[in-house]
Every structure is written in C-alpha cells, then in structure tokens.
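Reader: I'm new to reading structures, so could we go through this one together, a piece at a time?

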Amino acid sequence: MPVFSAATLVVLLVQWVDSHAALPPMLQPLVQAWTLLGDLRVMGLLSLAVGLWLLWRRQGLQLMGWVVAVAGTGLWVRFIKAAMQRARPLDGLVHEAGFSFPSGHSAGTAAIFGMLAWLAARRLPPRWRAGVFVAAALLALSTGLSRVLLSVHHASDVLAGLCLGLGWTALVLWLTDRVEHGGGALGPPQAEAQLPLR
C-alpha cells in the first residue's frame, strides 16, 4: 500500500505542476541548471565514471547490471520515441530537439540514480539504506518536474519516463540478484560475487 500511495502522489504532483504551475522568470535559470542532471552528456560522464570504478573494483556482475540498466534505458527511450513520434509542447521555455514521449531525462535519471542507490545501499549500514533510496527518488522526480516546468514535456511524458527507467532498472536488478545469489540484493559487500574481468 505505501508504494501505491507514493506512486499516486507522484502522478498527482506531476499533473498539478503541468496544469497549474507557471515558472517565474527569476527561477528559470535555476530550473535550467537543475534539469542538466538528466542531460545526456552529464549522464554519460557519470555512467562512465561509475563503470570504470566498478571495473577497478572487479565487480563484474555489478558492472554488467550497470551497463544493461543504463544503456538499456537509453535504447528503450529511443525506440519508443521513434515509435510514438509525439510532438513537444509548443510553448517550451528552452529549445529541445526530438520527440517528446517518453522523457529521456526522467527515464535516465530514474535508471542511473536508482542504480547508484542500489550500489550505495549494498555498502552502507541498514539504517542508511532507506534514506539513499529516498534521495535517489527525489533527484529523479525533481528532474522530471523541471522538464514540465520548462514546458519541454507533457506530464505524461515525464510519468512514462519515470516508469520506464524504474521498471527496467528493477528488472535488471532482479535478474542480477538471481544470478548472484538468488536473493538478498542488499547483502553486504563481502557476500558479493566478484567475476573475473578478462
């Protein structure tokens, strides 16, 4: 029930922002800066940095999960955009090329911050894990809301992107967990499988 309640609140929040919230001109630079969290170049550099760190730590299975989750989300976004070909809102405050549905910023941040939360939670005491996942959710949600505030996406674009990134990442994490030890995805680091990277 708490999960469904949180999902309902997210849907209502995004729809309310889309329908009622007008971005004051003085806040536009701040929102434009915040939305860069989901920029392809920023996400690409972050993905590369985390991938190299996992490679250095010889965490082969986690590296595979990271690549499949992040790259897979990007491929899904490109495929769905090409299939749907939905036009962006006409009153965008910034110029954005390409189709609108789903939001790549929302999908990408949901996948990347979700994976980062999972990687961090494996290495943190149990009392910190909930906070890590809440922080990841807030980062992804706020990035999605920034897209609506800038009028470069419809609310449904952002919601679809968040669902896509979260759903694909959850599937990847479930499969990774099954391959690793059949359960306990948040097990301590010493229990992790370290695959040889040859």
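**A chat about the helices**

Author: Let us start where helix H4 ends: it is followed by Gln-85, whose phi is positive, near 55°. Helices (H or I, at least four residues) and strands (E, at least two) are DSSP runs, numbered from the N terminus. Please keep in mind that this is a predicted model, in which local features need pLDDT of at least 70 and side-chain atom pairs count only at pLDDT 80 or more, while totals for chains, interfaces and linings use all residues. Residues are numbered from 1 along each chain as its sequence is written, and side-chain values use heavy atoms, with hydrogens and water left out.

Reader: Okay, how many helices and strands are there in the protein chain?

Author: The protein chain has seven helices and zero strands, and of its 198 residues, 39% count as buried (under 20% relative accessible area with a 1.4 Å probe, protein chains only; exposed is over 50%, and partly exposed lies in between).

Reader: Back to H4, what span should its 25 residues have?

Author: Helix H4 covers residues 60–84 and should span 36 Å, because the expected span is 1.5 Å times one less than the number of residues. The C-alpha atoms at its ends are 36 Å apart, which agrees.

Reader: And what covers its buried residues?

Author: The cover includes helix H3 (40–56), helix H5 (104–121) and helix H7 (155–180). Among the buried residues of H4 are Leu-61, Leu-63, Trp-66 and Val-70, and also Lys-81.

Reader: Which residues have the most contacts inside the largest nonpolar core?

Author: They are Val-50, Leu-54, Trp-66, Ile-112, Met-115, Trp-118 and Leu-119, in a core of 13 residues. A nonpolar core is a set of buried Ala, Val, Leu, Ile, Met, Phe, Trp, Tyr and Cys residues joined through side-chain atoms within 4.5 Å. The elements that give two or more residues to this core are H3, H4, H5 and H7. Apart from it lies another core, of seven residues, including Ala-110 and Leu-145.

Reader: New topic: is Arg-147 buried or exposed?

Author: Arg-147, in helix H6 (residues 126–149), counts as buried, because its relative accessibility is 1%. Leaving aside neighbours within four places in sequence, Arg-147 is in contact (heavy atoms within 4.5 Å) with residues including Thr-35, Arg-88, Glu-96 and His-105.

Reader: What about Leu-27, where is that found?

Author: Leu-27 is found in the loop between helix H1 (2–20) and helix H2 (28–34), and it is partly exposed, with a relative accessible area of 36%.
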